[in-house]
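Here are a few exercises to work through with the model open beside you. Try each task before reading its solution.

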Amino acid sequence: MHSETETRWMVLGTDGRHVSLGRTEPSEAEVMAASEALAAQGLSGWLARLQGDYYSRARVKLEPLRAIGAAPEADWQPTLSAFHAARHRATH
């Protein structure tokens, strides 16, 4: 699969922490489990779709799908910035 077309579903915490749910769209049960796990820790985040190669230094595209966790009104832009900072540390 070419990195430009690689798609992953991600859970992004508002603090930049993130985890891949895989390359196939997660079930509603998987999304709810991720949301409940965040909420249990008092955290909020987003379910997002990532396009591109996470492990390369190239830019990736993130599409917010919905807020999850403790505060469903979470703001996307700070989450996106925190994710890019965490990814930069992991790949550089």
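**Exercise 1.** Which residues does threonine 79 touch, not counting residues up to four places away in sequence?

*Solution.* Keep in mind that this is a predicted model. Start by placing the residue: threonine 79 lies in helix 2, residues 76-91. Next, look at its surroundings: leaving out residues up to four places away in sequence, threonine 79 touches Leu12, Gly13, Thr14 and Trp46. Finally, check its exposure: with a relative accessible area of 0%, threonine 79 is buried.

**Exercise 2.** Find the buried residues of helix 2 and work out where they sit around its axis.

*Solution.* First, test the length. At 1.5 Å a residue, the 16 residues of helix 2 should span 22 Å, and the end C-alpha atoms are indeed 22 Å apart. Second, list the buried residues: Trp76, Thr79, Leu80, Ala82, Phe83, Ala86, Arg87 and Thr91. Third, look down the axis: these residues cover an arc of only 165°, so they are on the same side of helix 2. Last, ask what covers them; the answer includes strand 1, strand 2 (18-22), strand 3 and strand 4.

**Exercise 3.** Do the same for helix 1, and describe the face turned away from its buried side.

*Solution.* Begin with the buried set: Val31, Ala34, Ser35 and Leu38. Seen down the axis, they fall within an arc of 100°, so they line one face of helix 1. A general rule helps here: an α-helix has 3.6 residues a turn, so residues three or four places apart point the same way. Now turn to the face away from the buried side, which carries the exposed residues Ala29, Glu36 and Ala40. The cover over the buried residues of helix 1 includes strand 1 (7-13), strand 3 (44-51) and strand 4 (61-69). Just after helix 1, glycine 42 takes a positive phi of about 75°.

**Exercise 4.** How many aromatic pairs are there, and how are the rings of tryptophan 46 and tryptophan 76 arranged?

*Solution.* The count comes to three aromatic pairs. For tryptophan 46 and tryptophan 76, the ring centres are 5.3 Å apart and the planes meet at 75°; over 60 degrees counts as edge-to-face, so that is the label for this pair. The pair links distant parts of the chain, with tryptophan 46 in strand 3 and tryptophan 76 in helix 2, 30 residues apart. Both tryptophan 46 and tryptophan 76 are buried.

Conventions:
Residues are numbered from 1 along each chain as its sequence is written. This is a predicted model: local features need pLDDT of at least 70, side-chain atom pairs count only at pLDDT 80 or more; totals for chains, interfaces and linings use all residues. Side-chain values use heavy atoms; hydrogens and water are left out. Buried means under 20% relative accessible area, exposed over 50%, partly exposed in between (1.4 Å probe, protein chains only). Helices (H or I, at least four residues) and strands (E, at least two) are DSSP runs, numbered from the N terminus. The arc is that of the directions from the helix axis to the C-beta atoms. Contact means heavy atoms within 4.5 Å. The expected span of a helix is 1.5 Å times one less than its number of residues. Rings of Phe, Tyr and Trp (its six-membered ring) pair if their centres lie within 6.5 Å; planes under 30 degrees apart count as stacked, over 60 as edge-to-face and the rest as tilted.
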